[in-house]
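Good morning. I will talk through one structure today, with the picture up on the screen.

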Amino acid sequence: MSDPSRESDAEAKARRGRNIALALGLLLFVVLIFVVTIVRLGGNVAERPF
Amino acid sequence: MAMLEALNTSKAPARWQDFLQLLKPRVMSLVVFTALTGLVCADRNIHPVLGAVAILCIAVGAGASGALNMWWDADIDAKMRRTRGRPVPAGKVQGSDAAALGVVLSLFSVMLMGMAVNWVAAGLLAFTILFYAVVYTMWLKRWTAQNIVIGGLAGALPPVIGWAAADGAAPLNAWLLCAIIFVWTPSHFWALSLYTSEDYARAGVPMMPVVRGAASTRRQVWIYSVLLIPFCIAPAFTGLGSVAYLAVAGLGGAVYLLLAWRLFRSKAGETPDPRNAPEANGGLYDVRAGARDARNLFAFSILYLALLFATLLGEHLAGLKPLELL
């Protein structure tokens, strides 16, 4: 007899898909913040008075 | 709500695609297109990465508005043929999850826009999200037949946000782009609602054909169409559009008026459509004989707006000198 609290294959597959999508979204956000920082910092460094 | 609870007992697990559907990808693509036009028309040297981030923020902000809309409107979405397959009424995603996604993405998009681009664009983006989610979705939509007229401002603002992202300000030409979409929205949406009004009536949404009848709606579509064309031609006089734009706006405007006049003189929206019965599964955009004129104007309105913005975008990317007839 199967355990009703146990995740079915379809649920496990759906959860894995959601987790991968979330991980990719977070990775994209981290990369985005890094690139934006470099771009904005780059401009300010180039214009700094010596 | 009982209906919703019944629907939400669906055991199908939520997939990531269901969450993506909450963001209304098709609406997002239109928002990206008009925002990009505003950003390019500003004719400022924004760094390409920052320009891309600005467009991404606007797209995510639009998606967040869509998720909040689907959370709040799940009860009426469940009653309409056009929307009953959406993730929340279909029981694929919990309403609270849709709301959480909308709030989180709203905060992320506005904060990133402010920190990466500028706070004028971020403020306009925040206003647009709030206006769509609160003023339109929670208030106007269920209260007045003018819902899409006033609520249309949310759909009209993306070019202003794009312009502000590049320029740090929103001059009159940016607001002219906003005005074009704002005045275009009633004729576009009411043409559609003339052949989907039974859906809205069933859901209790006070759309114009439901509240004032088909004849009044057709008359108002004609009035808004007449008002629209001067706004569409105006960019050729204000240093925004060039010769190609003037030609597209003028010729397309003539066709728009012809189709609006035909709709005004037609009987569109006056005969009930048996396919709109709750159990019907026919194509939503199928044309019944009496509604052909409404369908024609609806389809052309999309083409006309797309052509106007694509022409402006092309002219500015090609570096064509605007006419400045004034």
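I will start with chain B as a whole, then take its two domains, then a few single residues, and end with the contact to chain A.

Please keep in mind that this is a predicted model.

Chain B first. Its secondary structure comes to 15 helices and zero strands. The chain has 326 residues, and buried residues make up 53% of them. Now look at the contacts in chain B with a separation of 6 or more: residues 24 or more positions apart account for 78% of those.

Next, the domains. The domain assignment of chain B gives domain 1, residues 18-168, and domain 2, residues 171-326. Their C-alpha centres lie 21 Å apart.

How many residues of domain 1 of chain B are in contact with domain 2 of chain B? There are 34 of them, and they meet 40 residues of domain 2. An interface can also be described by area: its size is often given as the accessible area lost when the parts come together. For these two domains of chain B that area is about 3,200 Å², with 71% of it on carbon and sulfur atoms. On the domain 1 side, R81(B), R82(B) and I148(B) lose the most area to domain 2, together 23% of what that side buries.

What about charges and polar groups? Across the interface of domain 1 and domain 2 of chain B, the rule finds zero salt bridges. It does find five residue pairs in polar contact there, with both residues at pLDDT 80 or more. Which elements of domain 1 give two or more residues to the side that touches domain 2? They are helix 3, helix 7, helix 8 and helix 9 of chain B. Helix 8 gives the most, with eight residues. Sorted by class, this side of domain 1 has 18 nonpolar, eight polar and eight charged residues.

Let me stay with helix 9 of chain B, residues 158-167. It is mostly covered, as nine of its ten residues are buried. Among the buried ones are P158(B), P159(B), W163(B) and A166(B). Right after helix 9 comes G168(B), whose phi is positive, near 80°.

That brings me to two other residues with positive phi, neither of them a glycine. The first to mention is K24(B), with a phi of about 50°. K24(B) is in the loop between helix 2 and helix 3 of chain B. Is K24(B) buried or exposed? Its relative accessible area is 13%, and buried means under 20%, so K24(B) counts as buried.

The other is D43(B), whose phi is near 55°. D43(B) is found in the loop between helix 3 and helix 4 of chain B. Why does D43(B) count as partly exposed? Its relative accessibility is 48%, and partly exposed covers the range between 20% and 50%, so D43(B) falls in that class.

Between those two loops is helix 3 of chain B, residues 25-41, and L36(B) lies in it. L36(B) has a relative accessible area of 32%, so it is partly exposed as well. Leaving aside neighbours within four places in sequence, L36(B) is in contact with I55(B) and L313(B). L36(B) and W16(B) are 20 residues apart along the chain, and their C-alpha atoms are separated by 27 Å.

W16(B) takes us to the last topic, the contact with chain A. Here 15 residues of chain B are in contact with 13 residues of chain A. The two chains bury about 1,100 Å² between them, 83% of it on carbon and sulfur atoms. P13(B), W16(B) and L112(B) supply 35% of the area that chain B buries against chain A, more than any other three residues.

Between chain B and chain A the count of salt bridges is zero. The rule finds three residue pairs in polar contact across this interface, again with both at pLDDT 80 or more. Where on chain B do these interface residues come from? Helix 2 (16-22), helix 4 (48-72) and helix 6 (95-116) of chain B each supply at least two residues of the side that touches chain A. By class, that side has 13 nonpolar, one polar and one charged residues.

That is the end of my part.

Terms used. Residues numbered from 1 in each chain as written. Chains lettered and ligands numbered in written order. Predicted model: local features only at pLDDT ≥ 70, side-chain atom pairs only at ≥ 80, totals over all residues. Heavy atoms only, no water. Contact = heavy atoms within 4.5 Å. Buried area = accessible area lost by both parts, 1.4 Å probe. Salt bridge = Lys/Arg side-chain N within 4 Å of Asp/Glu carboxyl O. Polar contact = N/O pair within 3.5 Å; in protein donor to acceptor, adjacent residues only side chain to side chain. Helix = DSSP H or I, 4+ residues; strand = E, 2+ residues; numbered from the N terminus. Nonpolar A, V, L, I, M, F, W, Y, C, P; charged D, E, K, R; others polar. Buried < 20%, exposed > 50% of the residue type's maximum accessible area, 1.4 Å probe, protein only. Domains from an automatic or database assignment.
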